[in-house]
Amino acid sequence: MDRKLRVANIGMKFGMCHVEGAMSYGAEIVAICDSNEENLRFAGERYNIPEEKRFTDYMDIVNDKDIDIVTVAIPDQQHVKVSCDLLRAGKNVLCEKPLALTREDLEEMVRVADESDAKFMVGQICRFTPAFEKAKELIESGTIGELYFVESEYAHDYMKLCDNWRADPNRHGVIGGGCHAVDLLRWLAGDPKEVFAYGTHKLLPMVSYDDATVAIMKFDNDVAGKVFVSTGCKRDYTMRTVIYGTKGTIICDNTSPTMTLFTTDEDGVTKEAQTIEIEVNNHNAAREFEVFADAVLNDKPVITDAREGSKTVAACLAIVEASTTGKIVKPDYNF
Ligand SMILES: NC(=O)c1ccc[n+]([C@@H]2O[C@H](COP(=O)([O-])OP(=O)(O)OC[C@H]3O[C@@H](n4cnc5c(N)ncnc54)[C@H](O)[C@@H]3O)[C@@H](O)[C@H]2O)c1
């Protein structure tokens, strides 16, 4: 392509990260959309978007023939409908996580993405977080030996965030935010084959679902795992993650400038901890956009495609089911 990539962005709150990610890549922002006029005006002025290219109806983006990539950052309940309309119109789509909140929507998304020639990516952003990328590299290089236990958490105080679509009972904290930790463990250790969970509800009176959940998981190759999700916690946001291997351990977070690596000597005894300095970038929208643009321009497969995004939500749905039924659940990854 001998011109700049032409990008449109839908949803102008968190979605402004996508505008900035695309701009830092060098793409041209040709249109923006938000159904709220005030949010639309704010973003339009901030990014110098001409008024005739600011839309309140996303169908104006769907019908624009001159757009290469569209980013979608609107309430989770609308991801599938809007992404499918865009894909059917031939747009390449980068959509926020979680892909969807129900099995029915996941299946619809996979079907439409399969039928489309355009590319689709779910923004599972932890796969672009420097500390987690480094952890993945250390695992794959064999530095910590064979995995036997992996744990991650998503702890974020939603006290001021839950007065809207986030209070929908389908938008359980394990799916909405916990999908980050679940996706991270899937990326590092594979698909959990069985899950069990307990939930509690003491912090967010405005929601009907549990605001804290702990899930334990069984992976292939004799690996166990744990995810803790708290959406009402009284502390700073964290995704502290610990990865235990037979020859070492990694302790990292998406909010810390350092990570800790333990390795062993030739007798298998733990050596002194090493501190690794790492960039803090818990929403690396620039890297995420770059990877998607590369897939679009060079016809490469998208790693976090509709099927992969669906598997992450399937594992989350299994955790919610386990915590409500008190039974071990096998996630259904058959999409
Ligand atoms: N990756 C992350 O770490 C991360 C962080 C925050 C939010 N998110 C995701 O981003 C998405 C948006 O979250 P948010 O915090 O910006 O929500 P928000 O409610 O603050 O903002 C959503 C925006 O979308 C607009 N909107 C709603 N429906 C629309 C429609 N049909 N067409 C056009 N605009 C529409 C709203 O007017 C609003 O401006 C969600 O899917 C959320 O889960 C991801």
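Biologist: Looking at helix 4 and helix 5, are they roughly parallel or antiparallel to each other?

Modeller: Helix 4 and helix 5 are roughly parallel to each other, a label for angles under 35 degrees, with over 145 called roughly antiparallel, 65 to 115 roughly perpendicular and the rest oblique. This is a predicted model, in which local features need pLDDT of at least 70 and side-chain atom pairs count only at pLDDT 80 or more, while totals for chains, interfaces and linings use all residues. Residues are numbered from 1 along each chain as its sequence is written.

Biologist: At what angle do they pack, and how far apart are the axes?

Modeller: Helix 4 (residues 79-88) and helix 5 (residues 103-115) pack at about 10 degrees, with their axes 10 Å apart. Helices (H or I, at least four residues) and strands (E, at least two) are DSSP runs numbered from the N terminus, and axes are lines fitted to C-alpha atoms, for helices over the stretch in contact, with angles from 0 to 180 degrees between N-to-C directions.

Biologist: Which residues make that contact?

Modeller: Helix 4 supplies Val80, Ser83, Cys84, Leu87 and Arg88, which meet Asp105, Glu108, Met109, Val112 and Ala113 of helix 5, where contact means C-beta atoms, placed from the backbone, within 7 Å.

Biologist: Moving just past helix 4, where does alanine 89 lie?

Modeller: Alanine 89 lies in the loop between helix 4 and strand 5 (92-96), and it touches Val62 and Asn63, leaving aside residues up to four places away in sequence.

Biologist: And why does alanine 89 count as partly exposed?

Modeller: Alanine 89 is partly exposed because it has 18 other C-beta atoms within 10 Å, whereas 20 or more would make a residue buried and 12 or fewer exposed.

Biologist: Different topic: how is the chain divided into domains?

Modeller: Domain 1 covers 6-124 + 285-305 and domain 2 covers 127-282 + 314-325, with bounds from an automatic or database domain assignment. Their C-alpha centres lie 27 Å apart, and the contact takes 13 residues from domain 1 and 12 residues from domain 2. On the side of domain 1 that touches domain 2, the elements giving two or more residues are helix 5 and helix 9 (285-297).

Biologist: Which residues touch the most other members of the largest nonpolar core?

Modeller: Of its 99 residues, Ile10, Cys316 and Ile319 touch the most other members, a nonpolar core being buried Ala, Val, Leu, Ile, Met, Phe, Trp, Tyr and Cys residues joined through C-beta atoms within 7 Å. Helix 10 (residues 306-325) gives the most to this core, with 10 residues, and the core draws at least three residues from each of domain 1 and domain 2.

Notes: Contact = placed C-beta atoms within 7 Å.
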